Amino acid sequence: MKQHLNSTLLYVLLTIAAALILYPVIYTFFMAVMSPEEASAYPPSFFPHSFHMANFTEVFEIVPIAAFIGNTFLISGLTMIGQLITASLAAYAFAKMEFKGKNFIFSMFVATMMIPWEVTIIPNYLTVRSWNWLDTYQGLTVPFLATAFGTFLLRQFFLQLPKELFEAARMDGCGHIRYFLFHVLPLSRPALGTLAVYSFLNMYNSYLWPLLVTNSENMRTVQIGISMLEFQESTSWNLVFAGTALVILPSLLLLIFGLKQLVRGMAAGALKG
């Protein structure tokens, strides 16, 4: 009886926590289909009296939100691919290869995770400007193609792979490149999927860096596009929330379809650990 009561209490607490987390997302979608009067009313109403789907059409007329979403997907995709390549290669070197000073180099590499991004923003900006990469895709993506977090994540996963597999591959004449491509990467799909989803969403939600290095409208990302819906004279909050709903929808879909891969990655690490 006591165990049943504890389980019920746990589910109630989890339900309340889930409701608190989902409330802003659900409220955003309801605000996106409200009229200007309903969106500006105080106290705010939760459910719209009628669904104004024209809000989404009006957002496309005010700002080129489709071009912004396309830019963001391109930048996030390039960053994701770059991080998968660099992190997997570096992680394999730290996990499976022996060289002088490996542990010290890896410690220094991981220590960069302790440096706040705000500290590196100015040096990165000056470097990008000196290379004439302002307002270009290179300036938006190159500073993020390597990640200490991704290297650490994949290295820990690679270390959990059986040593006997590596020894058997070496006995068959398999070198590091072949072993990495045909053995390590296929077995590491859960960890690679986890890093892919994390890196894509992290770049998709980036705001400050694209704001610093882009000037023209055709290079803007979707996070900056949302701020363009706010005006100094007056702001139609239903349009702002409609644009926000359009922005978060792709990331929500990615989480829904990538959640299984994320869980598999975490479960595989837990089981092998």
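The protein exposes an accessible surface of about 16,400 Å² (Shrake-Rupley method, 1.4 Å probe, with only the protein chains shown counting as cover for residues), and 69% of that surface belongs to carbon and sulfur atoms. This is a predicted model, in which local features need pLDDT of at least 70, side-chain atom pairs count only at pLDDT 80 or more, and totals for chains, interfaces and linings use all residues. Residues are numbered from 1 along each chain as its sequence is written, and side-chain values use heavy atoms, leaving out hydrogens and water.

Let's turn to the fold. The protein has 14 helices and 0 strands (DSSP runs, H or I of at least four residues for helices, E of at least two for strands, numbered from the N terminus). Its C-alpha atoms fill a box of roughly 75 × 70 × 30 Å along the principal axes.

Now for the membrane annotation. An unreviewed UniProt entry places "transmembrane region" at residues 9-30, 65-92, 104-125, 137-158, 179-201 and 237-257; such annotations may be inferred rather than shown by experiment, and the positions follow the numbering used here, with feature names shortened. Residues 179-201 are 96% helix, with end C-alpha atoms 30 Å apart. In residues 137-158 the helix share is 73%, and the end C-alpha atoms lie 32 Å apart.

How far can you trust the details? Mean pLDDT (the predictor's confidence in each residue, from 0 to 100) is 85. Confidence is highest in helix H7 (residues 137-141), at 94, and lowest in helix H14 (residues 237-272), at a mean of 72. Over residues 269-273, pLDDT stays under 50. Where pLDDT is low, the predicted coordinates should not be read in detail.

Technical notes: Contact = heavy atoms within 4.5 Å.
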